[in-house]
2 protein chains.
Amino acid sequence: MRTQNYSRKRQAIYELLMSTDTHPAADWIYNTLKPKYPDLSLGTVYRNLKVLEENHMVRSVAVVNGCERYDARMSQHSHFVCRRCGKVEDMFHKEDMSELLRCVTIAKDHDVESYNLIFYGHCSECLSAE
Amino acid sequence: MRTQNYSRKRQAIYELLMSTDTHPAADWIYNTLKPKYPDLSLGTVYRNLKVLEENHMVRSVAVVNGCERYDARMSQHSHFVCRRCGKVEDMFHKEDMSELLRCVTIAKDHDVESYNLIFYGHCSECLSAE
DNA sequence: CGAAAATTAATAATTATTACTCTTTTCAGT
DNA sequence: ACTGAAAAGAGTAATAATTATTAATTTTCG
């Protein structure tokens, strides 16, 4: 059986995502890896993000200004999106969020696999800049 | 001072959104109103959705398959998105969700204005179809 | 090594959304 | 009701993120 990440570029994309907490878009990943991988193609970044997503190694955490933003930290946590600068920040949970499921009426015949909680507002930098 | 002129098309878009719980995309709104307003333009739908959004009469609740989905019910509630058919359903809260805010670490210097909670999974129709 | 399968670069195509230009509608003040 | 300026719209072109295609390269593994 073939291993999952046998391509250097896929590995590089994954490791870059693991090493940052900026929740970048495909475009940023492409530009960041380009110097080290001069023949990298943007299509490769998109395709690998999809492959990694299917393998639950990466997830899309938000769409900001029409751009999908990715995160390789799969432990359950939420995000804050700045409406002004588009920055995406982590928001870690104080306690188990399964609590959350008790707060909403869930149809019993639905198969709820995951959830995504996003907070919107203005980040500290943008607040002080105004 | 003149703020906004009354427009019957904007009104129609708003009323259509109020009358449905399917959380439609711009495209669906356009096709639904087209028979009654034969000269309606898709650009008009997009522009008015943005105007209504700025006036807090409408909000985007999710992006499904690259399409923004809208809701005119502004009372706080969450949504379920079916990963298979893309359906967006309402999930009303059993209790006050301000409780929710206590579960995450919120940086004090951030101005959190709103949040969006989306559940993902498979709806009952898609489950029984498999 | 060598063949089969997976991956990629480069490019073309797709598609949701926005911008633009000119026309039409709306409405406050007459 | 009439008018003129502001707002809104139609129709079309443009934008930009993402996806599909295809031929070439790389990787895997017997």
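These legends go with close-up views of a predicted model.

**View 1. Helices α1(B) and α2(B) packed against each other.** Here we zoom in on chain B, where helix α1 (residues 8-19) meets helix α2 (residues 26-33) at an angle of about 110 degrees, with the axes 11 Å apart. Angles of 65 to 115 degrees count as roughly perpendicular, so that is how α1(B) sits relative to α2(B). On the α1(B) side, the contact is made by A12(B), I13(B), L16(B) and L17(B). Across from them, α2(B) brings in W28(B), I29(B), T32(B) and L33(B). Sorted by class, the contact residues are seven nonpolar, one polar and no charged.

**View 2. The protein surface around DNA strand C.** DNA strand C has 19 residues around it, and the closest are Y6(A), K9(A), D39(A), T44(A) and Y46(B). Of the strand C atoms that come within 4 Å of the protein, 85% belong to sugar and phosphate. Both chains pitch in: α1 (8-19) and α3 (42-54) of chain A, plus α3 (42-54) and β2 (67-71) of chain B, each supply at least two residues of this surface. The largest share, three residues, comes from α3(A). By class, the surface near strand C splits into five nonpolar, six polar and eight charged residues.

**View 3. Phosphate contacts on DNA strand C.** Let's go down to single atoms. The side chain of T44(A) puts an N or O atom 2.2 Å from a phosphate oxygen of strand C. With D39(A), a polar backbone atom is the partner, 2.4 Å from a phosphate oxygen of strand C. Chain B shows up too, through E68(B), where a backbone N or O atom lies 3.0 Å from a phosphate oxygen of the strand.

**View 4. The protein surface around DNA strand D.** Now for DNA strand D, surrounded by 21 residues, with Y46(A), K9(B), D39(B), T44(B) and R47(B) the closest. Sugar and phosphate make up 90% of the strand D atoms that come within 4 Å of the protein. From chain A, α3 and β2 (67-71) each supply at least two residues of this surface, as do α1 and α3 from chain B. It's α3(B) that gives the most, with three residues. The class tally near strand D is five nonpolar, seven polar and nine charged residues.

**View 5. Phosphate contacts on DNA strand D.** Three chain B side chains are worth picking out here. For S7(B), a side-chain N or O atom is 2.6 Å from a phosphate oxygen of strand D. A polar side-chain atom of R47(B) lies 2.6 Å from a phosphate oxygen of strand D. N48(B) has a side-chain N or O atom 3.0 Å from a phosphate oxygen of strand D.

Conventions: Residues are numbered from 1 along each chain as its sequence is written. Chains are lettered from A and ligands numbered from 1 in the order in which they are written. This is a predicted model: local features need pLDDT of at least 70, side-chain atom pairs count only at pLDDT 80 or more; totals for chains, interfaces and linings use all residues. Side-chain values use heavy atoms; hydrogens and water are left out. Axes are lines fitted to C-alpha atoms, for helices over the stretch in contact, and angles run from 0 to 180 degrees between N-to-C directions. Helices (H or I, at least four residues) and strands (E, at least two) are DSSP runs, numbered from the N terminus. Angles under 35 degrees count as roughly parallel, over 145 as roughly antiparallel, 65 to 115 as roughly perpendicular and the rest as oblique. Contact means heavy atoms within 4.5 Å. Ala, Val, Leu, Ile, Met, Phe, Trp, Tyr, Cys and Pro count as nonpolar, Asp, Glu, Lys and Arg as charged, and the others, Gly among them, as polar. A residue is near a molecule or strand if one of its heavy atoms lies within 4 Å of it. A polar contact is a pair of N or O atoms within 3.5 Å; within protein, one must be able to donate a hydrogen and the other to accept it, and residues adjacent in sequence count only if both atoms are side-chain atoms.
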